[in-house]
Amino acid sequence: MARPAVHLIVSTGLATLQWIRTGRLLPALAPFLTGFLIDADHLVDLARYQLGGRRTERRIVLPLHGWEYVPVLVLLERILGMRCAGGLLLGYLGHLSLDQVTNTITHPLAYFVSFRWQRGFASSLFNHPDESAVDWMSGSIFDLWKQF
Ligand SMILES: [Zn+2]
């Protein structure tokens, strides 16, 4: 499983490449936004589970994890011109590729939001019977740093 620290290391590598390639700050920061901070969408599931009294729904949504966003980012990069110099797309591809290859999924299309939506965002797609089986969701919110 790709932990946040691994995504940070990969994003730092991509940011370094962007810095070498462009010599500008914004293209170097872009991979952090889409390659590291994107995991903040786990907080959506955490909030739903913890604020809902830890009631299991057997769902993991991960709203920002989806290959469908790739063409959206391609379009966004075109609109932005060379401002990010492909850094948004590069960071996202790095993140999702790493998740796709290293995380335990039960179907190769698990990282398509539309596929998960069709299956009710079943936690079984990520090999979890329900939310309580996910370590970081069951612990205290103050212990999240331990998952880094
Ligand atoms: Zn991720």
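Helices (H or I, at least four residues) and strands (E, at least two) are DSSP runs, numbered from the N terminus. The structure shown is a predicted model, in which local features need pLDDT of at least 70 and side-chain atom pairs count only at pLDDT 80 or more, whereas totals for chains, interfaces and linings use all residues. Residues are numbered from 1 along each chain as its sequence is written, and side-chain values use heavy atoms, with hydrogens and water left out.

**View A. Coordination of the zinc ion by D39, H65, H95 and D99.** The OD donors of D39 and D99 and the NE2 donors of H65 and H95 coordinate the zinc ion at 2.0 to 2.3 Å, donors being N, O and S atoms within 2.8 Å of the metal (3.2 Å for Na, K and Ca), and because water is not among the atoms, sites may look incomplete. Along the chain, the donors follow the spacing D-x25-H-x29-H-x3-D. The angles among the four donor atoms run from 83 to 178 degrees, and the site is irregular; four donors count as tetrahedral if all angles lie between 85 and 135 degrees, four count as square planar and six as octahedral if opposite donors are over 155 degrees apart and all others between 65 and 115, and anything else is irregular.

**View B. H95 and D99 in helix α5 (residues 87-102).** These two residues lie four residues apart, about one turn of the helix. Both H95 and D99 are buried, where buried means under 20% relative accessible area, exposed over 50%, and partly exposed in between (1.4 Å probe, protein chains only).

**View C. Helix α4 (residues 69-80) and G81 just after it.** The twelve residues of α4 reach 16 Å from the first C-alpha to the last, close to the 16 Å expected at 1.5 Å a residue, the expected span being 1.5 Å times one less than the number of residues. In α4, V70, L73 and E77 are buried. Seen down the axis of α4, the buried residues fall within an arc of 60 degrees, so they line one face of the helix; the arc is that of the directions from the helix axis to the C-beta atoms. P71, L75, R78 and I79 are exposed on the other side of α4. Just after the helix, G81 takes a positive phi of about 70 degrees.

**View D. Helix α1 (residues 4-22) and its buried residues.** Buried in α1 are H7, S11, L14, A15 and Q18. Seen down the axis of α1, these residues fall within an arc of 105 degrees, so they line one face of the helix.
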